[in-house]
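Here are my notes for a newcomer to this structure. Have the model open next to you and take the points one at a time.

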Amino acid sequence: MFYLSHKARRRITLLLDLIAVFASVEIAILLRFHSFVPTWQHRLYRTVLLFEILICLILYAYRSNENIFLYVEKHDPIENLTSVLRSSVIIFTSLVIFLVATQNAQQLSRIAFGYNFLFYIILDYLLHMLFRRYYKKHCNKEIVSAKILLLTCKDMADGVWSRLKTTLNQESELEGMRLLDEDKDKILQEIEKRNVTDVVIAVPAENIRELGIPDFVRTLERRGTGVYLCLSYDGDFIPSRAVSKIGDLQAVYFDGLRKKCDVLGIHYTVSNVDEAAIYIKNAVKELKGQYICFSNVHTTVMAHDNPDYRAIQNGSAYTFPDGSPIARQQKRLGYMNAERVSGPDFMNAMFRGTMDGKISHYFYGSTEETIEKLRKGLEKNYPGINIKGMYSPPFRDLTPEEDAQTVQMLNDSGADIIWIGLGAPKQEKWMAAHKDKVNALMIGVGAGFNFYAGTVKRAPKWVQKAGMEWLYRLLQDPKRLWKRYFVTNIKYIWYTISAIF
């Protein structure tokens, strides 16, 4: 077992890049000239090698403060590949410019150049992935770089503690929690007693001076204790993914989810998972009686072909693009900030944001076995979540009497959000039929119940980011899904191309 510092990981990353550069040039010479001739015996190729090394060193220096050096344990295979491709494009574009400028472009074999480019990508990616795998397997996870004490207010203590405990990275250890209305001297004694290296202060922005936070932060600074100051807005802490830049300032963008983009007749909301969750959480009382849809390629095509179903999708409070092709189409139409907002990802953001128990949940759909596993999974992974109830309805149409009893049951629960897991298009039709009858916000999430119950395994993150989650699900259940994906994907491509012309 071992532990490598951030600086050490950066240096190893540079070493791997240099090994890939050297090996790719040597392989290019071997394959082009069918014999192994050392690089230093080829004046031109020696120059190429030295120039590529120089560009690697420049990139290393330029990216010293970027998270690109944290992918050893943080980044997935797709992010690693993207990083390698980005570096290779910079290196070999610079090389071409250099060769043209020095009038050596004609002397360099294009075949050798191609081999060099190809094998650099392959070798660099493989070396990075092997190091990532070795480090994750053998690093000492008991060694931590920070011991953290949480300081917060009483009314938000449970929620902040749960969120921090479940999301803190492996290099940090949460030592405990203290309330800011306690004696500050006692808190300082606790910090010294526990050898705390950093303090997280989580408070409402409007109370920062009232609680004496500026003076206390300066006291901690003088003692050499690091401070993370987290400010909540309207009772909600902003997740890092929702933070963007405006000029040189860090900011959170609010637009009330007003931006819409039509894709094949469906009025999709333009947003991302975290911004959508923040707004919906704060507006959940105003949205009672309404419903939210998550539409993928399959349901988009269904809505395009069926005016009644399209009217249901467009009758929602918000319809989010639960599919990478739809989000990409939004970008093509000029909405560059559009992102995929999948049902399961949105559930995760909402569950994390409501671990203080102030917003309650009800789950309607799926089987008895699934919802029982769902309850256990949610209570384990989202401590403090407020679940008002769960119900698995019969797998048939309800009689008018049964339907009335169901509505009464849901309303009597007092839940703020009713999660509907009946599958598309049944769940959208059910929500539309019960609009303004159910006194809660209804959200249709399809297979989300199964993912969080653990009865169906969701695609790995790198597959999701590659936009191939549909293929992963197809391989899980090809007999049921092959026709749906084959037909609807072809239709979607045809419809989007036809819309252009």
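1. Let's begin with V487, which sits in helix α19, the stretch covering residues 478-500. Keep in mind as you look that this is a predicted model. V487 counts as partly exposed, because its relative accessible area is 35% and that class runs from 20% to 50%.

2. V487 has company at the surface. Together with W482, F486 and I490, V487 makes up a nonpolar patch with about 420 Å² of accessible area in total. As background, an α-helix has 3.6 residues a turn, so residues three or four places apart point the same way.

3. Now for a contrast: is Q330 buried or exposed? Q330 is buried, with a relative accessible area of 0%. You'll find Q330 in helix α11, residues 324-332. Setting aside neighbours within four places in sequence, Q330 touches C261, V263, Y268, T269 and V270, plus P321, Y335, A338 and E339.

4. C261, one of those contacts of Q330, leads to the next topic. How many disulfides does the structure hold? The count is zero. For C261, the closest cysteine sulfur belongs to C293 and is 17 Å away, which is too far for a bond. Seen from the other side, C293 has its closest cysteine sulfur in C261, again at 17 Å and too far for a bond. Both cysteines are buried: C261 has 2% relative accessibility, and C293 has 0%.

5. Next, have a look at helix α5, which spans residues 157-167. Which of its residues are buried? They are A157, G159, V160, S162 and L164. And what do these buried residues pack against? The answer is a set of strands: β1 (146-152), β2 (172-179), β3 (198-204) and β5 (236-237).

6. W419 is worth a stop too. W419 belongs to strand β14, residues 417-421, and is buried at 0% relative accessibility. Leaving out neighbours within four places in sequence, the contacts of W419 include F346, M347, M350 and F351, then H361, Y362, F363 and Y364, and also I443, V445 and F449. If you want a sense of distance, try K435: W419 and K435 are 16 residues apart in sequence, and their C-alpha atoms are 14 Å apart in space.

7. Follow the chain on from β14 and check the backbone. P425 lies in the loop between β14 and α15 (426-433). The peptide bond joining A424 and P425 is cis, with omega at about 5°.

8. Two more backbone spots deserve a glance. Phi of D436 is near 70°, a positive value in a residue other than glycine. D436 is in the loop between α15 and β15 (441-444), and D436 counts as exposed at 56% relative accessibility.

9. The other spot is N195. Where does N195 sit? N195 is in the loop between α6 (184-193) and β3, and β3 is one of the strands that the buried residues of α5 pack against. Phi of N195 is also positive, near 55°, and N195 is not a glycine. N195 is exposed, because its relative accessible area is 54% and the cut-off for that class is over 50%.

Technical notes:
Residues are numbered from 1 along each chain as its sequence is written. This is a predicted model: local features need pLDDT of at least 70, side-chain atom pairs count only at pLDDT 80 or more; totals for chains, interfaces and linings use all residues. Side-chain values use heavy atoms; hydrogens and water are left out. Patches are made of residues with over 30% relative accessible area and no salt bridge: like charges are joined within 9 Å, nonpolar side chains (Val, Leu, Ile, Met, Phe, Trp, Tyr) within 5 Å. Accessible areas come from the Shrake-Rupley method with a 1.4 Å probe; for residues, only the protein chains shown count as cover. A salt bridge is a side-chain nitrogen of Lys or Arg within 4 Å of a carboxyl oxygen of Asp or Glu. Helices (H or I, at least four residues) and strands (E, at least two) are DSSP runs, numbered from the N terminus. Buried means under 20% relative accessible area, exposed over 50%, partly exposed in between (1.4 Å probe, protein chains only). Contact means heavy atoms within 4.5 Å. A disulfide is a pair of cysteine sulfur atoms within 2.5 Å.
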